[in-house]
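Please open the model in a viewer and keep the selection panel at hand. The tour below proceeds from one selection to the next.

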Amino acid sequence: CHEERCSSWKVSCGECSASCGNGWRRCQVQCRDDKGAVVDSSNCNASAKPTQVQSCFKKFCPAGKWRLSGWTECSVTCGSGFRRQIVVCGGVDGRVLPDSECNGSDKLEPRTEKCELRATCFHWNVEEWSQCSKSCGKGNQRRKVQCINSAGRNVSDSFCDPETKPKGSQRCHGGAF
């Protein structure tokens with residue numbers, strides 16, 4: 001091996017200018033001998049010297065962009081609540097795409113706002129259990145369960161959900177056996 005021919009070009013490049021798609025990067029090109037030491041560039045083949053600016057490619061760019069869409073329903077069915085704007089990944093043609101088609105680090109923060117539903121609220125009002133009807137042995141306990149509106153007034157049970165109505169009576173044991 002001729003000493004000057006044992007040297008070769010070594011390239012060290014910086015980061016790509018693009019976060020995705022095509023970009024450019026600057027490179028440091030040095031002539032080094034077979035031991036890795038930097039030597040005069042005349043020791044390397046000038047016609048084979050790599051360029052100091054090179055094209056680069058970093059993963060495909062996401063197909064979609066994050067967009068704010070419609071709103072969720074109000075968090076309550078009556079009274080004061082909140083709702084949140086929906087964030088979707090959308091294509092250039094307006095179609096909704098899977099989230100994986102958008103850049104996760106660019107995801108928009110959904111806005112939240114208060115909502116007020118003027119509907120009257122109804123719910124079950126439950127009082128404490130009565131004492132057991134028997135002081136000894138098996139008996140019954142009762143409690144008042146009433147449907148009330150948002151003003152606290154009793155209304156017909158038909159305004160409240162019958163599926164969620166708490167029990168108004170239960171078995172109990174009074175005293176010692």
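Which backbone oxygen does the side chain of Gln85 reach, and at what distance? The side chain of Gln85 reaches the backbone oxygen of Ser69, at 3.1 Å. Before going further, please note that this is a predicted model.

**Gln85 and its surroundings**

Keep Gln85 selected and display strand β5, residues 79–90, in which Gln85 is found. Gln85 counts as buried because its relative accessibility is 9%, and buried means under 20%. Now show the residues around it: apart from residues up to four places away in sequence, Gln85 touches Leu68, Ser69, Gly70, Trp71, Pro110 and Arg111.

**Arg111**

From that list, select Arg111, which has its place in the loop between β6 (96–97) and β7 (112–117). Its relative accessible area of 47% makes Arg111 partly exposed. Beyond its neighbours within four places in sequence, Arg111 is in contact with Trp71, Arg83, Arg84 and Gln85. Trp71 thus appears among the contacts of Gln85 and among those of Arg111. A distance label may be added between the C-alpha atoms of Arg111 and Leu68: the two residues are 43 residues apart along the chain, and these atoms are separated by 8.7 Å.

**The nonpolar core and the largest pocket**

Next, select Trp66, Val87, Cys89, Leu97 and Cys102, the 5 residues of the largest nonpolar core. Within this group, centre the view on Cys102. Leaving out residues up to four places away in sequence, Cys102 touches Pro62, Gly64, Lys65, Trp66, Cys89 and Gly90. Of these, Trp66 and Cys89 are also members of the core.

Which residues line the largest pocket? Select Ser19, Cys20, Lys59, Pro62, Ala63, Gly64, Lys65, Trp66, Val92, Cys102, Asn103 and Asp106 to display the lining. Core residues Trp66 and Cys102 therefore recur in a pocket lining, which consists of residues with an atom within 4 Å of a pocket point. The volume of this pocket is about 240 Å³. Colouring the lining by residue class gives 6 nonpolar, 3 polar and 3 charged residues.

**Ser42**

Move to the loop between β2 (21–32) and β3 (53–58), and select Ser42 there. Is Ser42 buried or exposed? With a relative accessible area of 57%, Ser42 is exposed. Show the side chain of Asp40 as well: the side chain of Ser42 makes a polar contact with it at 2.5 Å. For a second label, choose Ser7, which lies 35 residues from Ser42 along the chain, with a C-alpha separation of 9.6 Å.

**The loop between β10 and β11**

The closing selections are in the loop between β10 (145–149) and β11 (169–174), where Asn154 is found. Apart from neighbours within four places in sequence, Asn154 is in contact with Gln146, Cys147 and Ile148. Zoom out to include Glu101: Asn154 and Glu101 are 53 residues apart in sequence and 54 Å apart in space, C-alpha to C-alpha.

Pro166 is found in the loop between β10 and β11 too. At 25% relative accessibility, Pro166 counts as partly exposed. Display Trp124, Val126, Arg143 and Val145, with which Pro166 is in contact once its neighbours within four places in sequence are set aside. As a last label, connect the C-alpha atoms of Pro166 and Cys136, which are 26 Å apart in space and 30 residues apart in sequence.

Terms used: Residues are numbered from 1 along each chain as its sequence is written. This is a predicted model: local features need pLDDT of at least 70, side-chain atom pairs count only at pLDDT 80 or more; totals for chains, interfaces and linings use all residues. Side-chain values use heavy atoms; hydrogens and water are left out. A nonpolar core is a set of buried Ala, Val, Leu, Ile, Met, Phe, Trp, Tyr and Cys residues joined through side-chain atoms within 4.5 Å. Buried means under 20% relative accessible area, exposed over 50%, partly exposed in between (1.4 Å probe, protein chains only). Contact means heavy atoms within 4.5 Å. On a 1 Å grid over the protein atoms alone, a cavity is a set of points where a 1.4 Å probe fits but cannot get out, and a pocket is an open set with protein on both sides within 12 Å along at least five of seven lines; lining residues have an atom within 4 Å of a point. Grid points are joined across faces, edges and corners, and a volume is the space filled by probe spheres set on the points. Ala, Val, Leu, Ile, Met, Phe, Trp, Tyr, Cys and Pro count as nonpolar, Asp, Glu, Lys and Arg as charged, and the others, Gly among them, as polar. Helices (H or I, at least four residues) and strands (E, at least two) are DSSP runs, numbered from the N terminus. A polar contact is a pair of N or O atoms within 3.5 Å; within protein, one must be able to donate a hydrogen and the other to accept it, and residues adjacent in sequence count only if both atoms are side-chain atoms.
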